[in-house]
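Trainee: Before I use this model for anything, I would like to understand how each descriptive term attached to it is earned. Could we go through them one by one?

Mentor: Gladly; let us put the structure in front of us and begin.

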Amino acid sequence: MEDKIINLKKKLLASIPVLMDGGTATELERCGIHVCEPEWTAVAMLTEQGKDALLKVHCDYVEAGADIITANTFNANPYAVMSFNNGRGLDSAGLVRESIDIAKKAVAMCWQGRSVLVAGSIGPVGDAYIPDSRPDKRILREDHAAMVEHIAAAGADLILVETMNNWLEIEIVSEYCHSRRIPFMVSVVCGEDGLLLNGDNYTKLTDLIDRFNPLAICVNCSSLHITKLALDRLSLITDFPLGAYPNIEDRLSDRSASDPKLAVTSYQLSEFIKESVNKFNLSIIGGCCGSTPEHIQALRKLIDENVI
């Protein structure tokens, strides 16, 4: 694992784009797995059909050329699991372990001759799109500490602290990752002004980088327009490795269709990423909700053909 992370760091410092995978929820929907609250994507871990679909989704992204596969742990934290346990005997540690095992299995099964890393995902304890749903600080600390431990014990290569809508939780998870010497990246979800969704600005960014040394700072699960605004702001503050994996979902379309309507085509995402790499020197690229293996394959082509 250390060799993989050393190689990742070398790429990031050399501004060689590292390719993330794409959306999980929307791909599970295309496989016939209904994704909704309170389980969200954790619903895939509750049946053999769901686990098989998740394995297929991960394999599709490995075959599309992703350098990092994100395990399905985003909604497997203790606070979330408590909301949908309902006597099922579920526990966060078990869900995290099995999710990471499935991601590792996909990498082993579908290996394309490249080094592919598995990232454990940690999101906000409350609803990522409703900042006011955040519980009190004690719960935040307990929940994030547990998730860092679960992901580390399951053997992920790194932690992806993503879709973060406030600085408090970013600092809490970063502190735990740093103290455990676990490589991690931070990614934020933003509002119409390019600031964090709860309105926090980026004045704490330099201190966060100095204290906890994340691998990169990214913007995710935000539209192309908002992602650009956020990158404009971030690039004025730091020359630290930046990344973007935008939300391109058409939320009005039928996500379960085999050929769903796309809000952003592979070509449009490729053009956006190409422009962003040139302007902001991005080190991490990929897609979030709505993106497909076809989108990731198009981004892989940009890298392999030295377009970016």
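Trainee: Which residue of strand 7 does Asn220 stand opposite?

Mentor: Keeping in mind that this is a predicted model, Asn220 stands opposite Tyr245 in strand 7. The chain reaches that strand from strand 6 by way of helix 9 (residues 224–237), in a right-handed β-α-β crossover.

Trainee: What makes strand 6 and strand 7 a pair?

Mentor: Pairing requires at least two bridges, and 4 bridges join strand 6 to strand 7 (residues 242–245), with the two running parallel; the pair therefore meets the criterion. On strand 5 (residues 184–188), 3 bridges lead to strand 6, again in parallel, with Val188 opposite Val219. Strand 5 is also joined by 4 bridges to strand 4 (residues 158–164), which runs parallel to it, and there Leu160 stands opposite Met185.

Trainee: How do these strands fit into the sheet, and why are strand 1 and strand 2 called edge strands?

Mentor: The sheet is open and has 8 strands in the order 1-8-7-6-5-4-3-2, with parallel pairing. Strand 1 (18–19) and strand 2 (68–70) each pair on one side only, and they are therefore its edge strands.

Trainee: Which way do the residues of strand 6 point, and are they buried or exposed?

Mentor: From strand 6 (residues 217–220), Ile217 and Val219 point one way while Cys218 and Asn220 point the other, and all of them are buried.

Trainee: Why is helix 5 called oblique to helix 6?

Mentor: The axes of helix 5 (residues 92–109) and helix 6 (residues 137–154) come within 9 Å and cross at roughly 40°. Angles under 35 degrees would count as roughly parallel and those of 65 to 115 as roughly perpendicular, so helix 5 is oblique to helix 6. The crossing is right-handed, and the residues in contact include Val96, Arg97 and Ile100 of helix 5, together with Met147, His150 and Ile151 of helix 6.

Trainee: How do you know that Cys221 is buried, whereas Asn213 is exposed?

Mentor: Buried means under 20% relative accessible area and exposed means over 50%. Cys221 has 8% relative accessibility and so counts as buried, while Asn213, at 52%, lies over the upper limit and so counts as exposed.

Trainee: Where are these two residues, and what is the phi of each?

Mentor: Asn213 is in the loop between helix 8 and strand 6, with phi near 50°, and Cys221 is in the loop between strand 6 and helix 9, with phi near 55°. Both values are positive in residues other than glycine. As a general matter, most residues other than glycine have a negative phi.

Trainee: Why is Glu39 called buried?

Mentor: Its relative accessible area is 12%, and since the cut-off is under 20%, Glu39 is therefore buried. Leaving aside neighbours within four places in sequence, Glu39 is in contact with Leu46, Asn75, Phe84 and Arg88. Glu39 is found in the loop between helix 2 (25–30) and helix 3 (48–64), and Pro38 lies in that loop as well.

Trainee: What is omega for the peptide bond from Glu37 to Pro38, and what is that bond called?

Mentor: Omega is near 5°, and the bond is cis. In general, most peptide bonds are trans.

Technical notes. Residues numbered from 1 in each chain as written. Predicted model: local features only at pLDDT ≥ 70, side-chain atom pairs only at ≥ 80, totals over all residues. Heavy atoms only, no water. Buried < 20%, exposed > 50% of the residue type's maximum accessible area, 1.4 Å probe, protein only. Right-handed = clockwise from strand over helix to strand, strands pointing away. Axes fitted to C-alpha atoms, helices over the stretch in contact; angles between N-to-C directions. Parallel < 35°, antiparallel > 145°, perpendicular 65-115°, else oblique. Left-handed = near helix turned anticlockwise from the far one by under 90°. Contact = heavy atoms within 4.5 Å.
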